[in-house]
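Student: I have a model open and want to reason through it step by step. Can we start with the packing inside?

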Amino acid sequence: NSDTVLLNFEKHHTGPFNLVKGEIYQSQVDHVMDNYSLRPVGMMKMKTDSTSDTQGGRISGKFFSGTNLTWLVGIDAQLNSRDAVRYSGTTIPPTIIQSYIWPDANIDQNGLFAEVEKKQSDSDKIKLGLRYDQITASANKAGSSAMGTSPNTLYQNYYGTTASEHVDHNSSGFLRYEHSVADGKGLLFSSISRTMRSADATERYIAANNTTAMMRWIGNPNLAAEEHRQIELGLSWAEQSWQSSGSIYYNDVNNYILRDRAHGQSGILLSDNATIYRNIDARLYGAEFSITRHWSAQWSNSFNAAYVHAAYVHATNTSDNRAIAQTPPLNGSVSLDYDNGGWKSGAKLNWARNQNRVDDNMMTGSALDAGPTPGFGVIDLYASTTIAATTLKFGVDNLLDRSYAYHVNRANSDPFNPTAVRVNEPGREIWGRISTRF
């Protein structure tokens, strides 16, 4: 179950600020997993009780300086606490602590940021942004023993370290330039950025032990923060009847946090195929394109819109010269909507190319991919109508009942088994929804 509380506020013309925005939030998530509630099992029962509690807030203010400078400044803070204990035994529920999956892991982030936008001319604009974060990580139960083995024992065995408090000082920033063309119909933009990302609670502290080494899943308290250095170029264009946008990017990553298998790599003390984390160098590049076409009444009284979208990304582990797992292939969608005034209907083609750049060998890589994935094309149909205050919607997904799977699959990443599996999407699915207003 999950309980979330969110409070937003906004005020205009407060002191030196033209606009002040803020939010505070809190969420509490309790999740229980076991291997016996939904299926019969043998003598050994297993259960994991987990919680993830997050609280934080943000406040920002916007003000103007002169006639061509717009400022945005603010601070934010977030504390995430995760605790998960796995039990095993022959009783229901099992009562023997087998692993401290999340050993009371806490990630405390405090940040401040500033952005300034300068209008150079009627067609040119520059935006600069800077951000600083202090991130403190700790694991209060890292020394607690579970069947004779503590999380610290596992960290020591695989990385030669224990879970002492870790602090990252992350500095990020970006510079973006925009130039409008053709009387504002087109917008050219370019940007360079440096973005930092610290390890999360799972990457740094997960401690799922097992008597079979390949079934272990061990976080790395030594992980350095990722440093993304990216350049992006793009163009958007808007006419009366159609809009389009496209961009390309190149991202050089230092200390990319890779989920991998233990093969005695640099910094990894064992070679037993356990799931581990380590820092590598990586290179990512890709592109995205979309176009929307609207028809006016002069062109068509019924077909009112068409949408096309496509995206591509290429990711390489340059430290080991291999593909990074769970990278989607070229994919996209094409749709056409019809509206005759009383009924709205449409068709959508979701498609993806095959993905052969995989990391699926447990003996040499991460095995996070279940193998190469064939391409597919799937057709969805949908329709709706409104009568008075009631709206009826219905449709058919996967009209031709194709068997297909997305390459970015659902990893079988529960605390019982970290092995990746391929999960097909549903077959033909007929659905309907009705809503009304009172």
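Student: Which residues touch the most other members of the largest nonpolar core?
Tutor: This is a predicted model. Its largest nonpolar core has 19 residues. Those that touch the most other members are Tyr155, Tyr158, Tyr159, Ala163, Tyr205, Ile218 and Ile276.

Student: Which element gives the largest share of this core?
Tutor: Four elements give two or more residues each: strand 5 (96–119), strand 6 (124–139), helix 1 (151–159) and helix 2 (201–205). The largest share is 4 residues. That share comes from helix 1.

Student: What does Tyr158 touch, beyond residues up to four places away in sequence?
Tutor: Tyr158 is among the core members that touch the most others. Set aside residues up to four places away in sequence. The partners are then Arg216, Ile218, Ala262, Gly267, Ile268, Leu269, Leu270, Asp272, Ala274 and Ile276.

Student: How many residues are in the second core?
Tutor: The second core is separate. Its members include Ala199, Ala208, Leu223 and Tyr277. The size of that core is 10 residues.

Student: Now Asp260. Is Asp260 buried or exposed?
Tutor: Asp260 sits in strand 12. Buried means under 20% relative accessible area. Asp260 has 1% relative accessibility, so Asp260 counts as buried.

Student: Which side chains make polar contacts with the side chain of Asp260?
Tutor: Leave aside neighbours within four places in sequence, and Asp260 is in contact with Gln265, Ala274, Thr275, Ile276, Arg278, Arg322, Gly365 and Ser366. One polar contact of the Asp260 side chain is at 2.8 Å, to the side chain of Arg278. Another is at 2.9 Å, and its partner is the side chain of Arg322.

Student: What separates the C-alpha atoms of Asp260 and Tyr159 in space?
Tutor: Along the chain, Asp260 and Tyr159 are 101 residues apart. In space, their C-alpha atoms are separated by 13 Å.

Student: What is the volume of the largest cavity?
Tutor: The whole structure was searched for cavities of 30 Å³ or more. There are 3 of them. The largest has a volume of about 40 Å³.

Student: Which residues lie closest to the centre of that cavity?
Tutor: The largest cavity is lined by 10 residues. By class, 4 are nonpolar, 3 polar and 3 charged. Strand 12 (residues 242–261) gives the largest share of the lining, 3 residues. The closest to the centre are Arg259, Arg261, Thr275, Ser366 and Leu368.

Student: How many charged residues line the second largest pocket?
Tutor: This pocket holds about 220 Å³ of space. Its lining is Met44, Met46, Ser88, Gln98, Ala146, Met147, Thr149, Asn209, Asn210 and Thr211. By class, 4 of these are nonpolar and 6 polar. The count of charged residues is none.

Student: Which side chain makes a polar contact with the side chain of Thr373?
Tutor: Thr373 is in the loop between strand 17 (343–352) and strand 18 (376–387). Its relative accessible area is 4%, so Thr373 is buried. Beyond neighbours within four places in sequence, Thr373 is in contact with Asn354, Gln355, Ala405, Tyr406, His407 and Arg422. The polar contact, at 2.7 Å, is with the side chain of Arg422.

Student: Is Leu6 buried or exposed?
Tutor: Leu6 lies in strand 1 (residues 2–14). Without residues up to four places away in sequence, Leu6 touches Glu23, Ile24 and Tyr25. Exposed means over 50% relative accessible area. At 52% relative accessibility, Leu6 therefore counts as exposed.

Student: What is the relative accessible area of Asn18?
Tutor: Asn18 lies in strand 2 (residues 17–34). Neighbours within four places aside, Asn18 is in contact with Lys11, His12, His13, Lys62, Phe63 and Phe64. Asn18 is partly exposed, and its relative accessible area is 26%.

Student: Finally, the whole protein. What percentage of its residues is buried?
Tutor: The protein has 2 helices and 20 strands. Its C-alpha atoms fill a box of roughly 75 × 60 × 50 Å along the principal axes. Of the contacts with a separation of 6 or more, 63% join residues 24 or more positions apart. Of the 438 residues, the buried ones make up 39%.

Technical notes: Residues numbered from 1 in each chain as written. Predicted model: local features only at pLDDT ≥ 70, side-chain atom pairs only at ≥ 80, totals over all residues. Heavy atoms only, no water. Core = buried A, V, L, I, M, F, W, Y, C linked by side-chain atoms within 4.5 Å. Buried < 20%, exposed > 50% of the residue type's maximum accessible area, 1.4 Å probe, protein only. Contact = heavy atoms within 4.5 Å. 1 Å grid on protein atoms, 1.4 Å probe; cavity = no way out; pocket = protein on both sides within 12 Å on 5 of 7 lines; lining within 4 Å. Points joined across faces, edges and corners; volume = space filled by probe spheres on them. Nonpolar A, V, L, I, M, F, W, Y, C, P; charged D, E, K, R; others polar. Polar contact = N/O pair within 3.5 Å; in protein donor to acceptor, adjacent residues only side chain to side chain.
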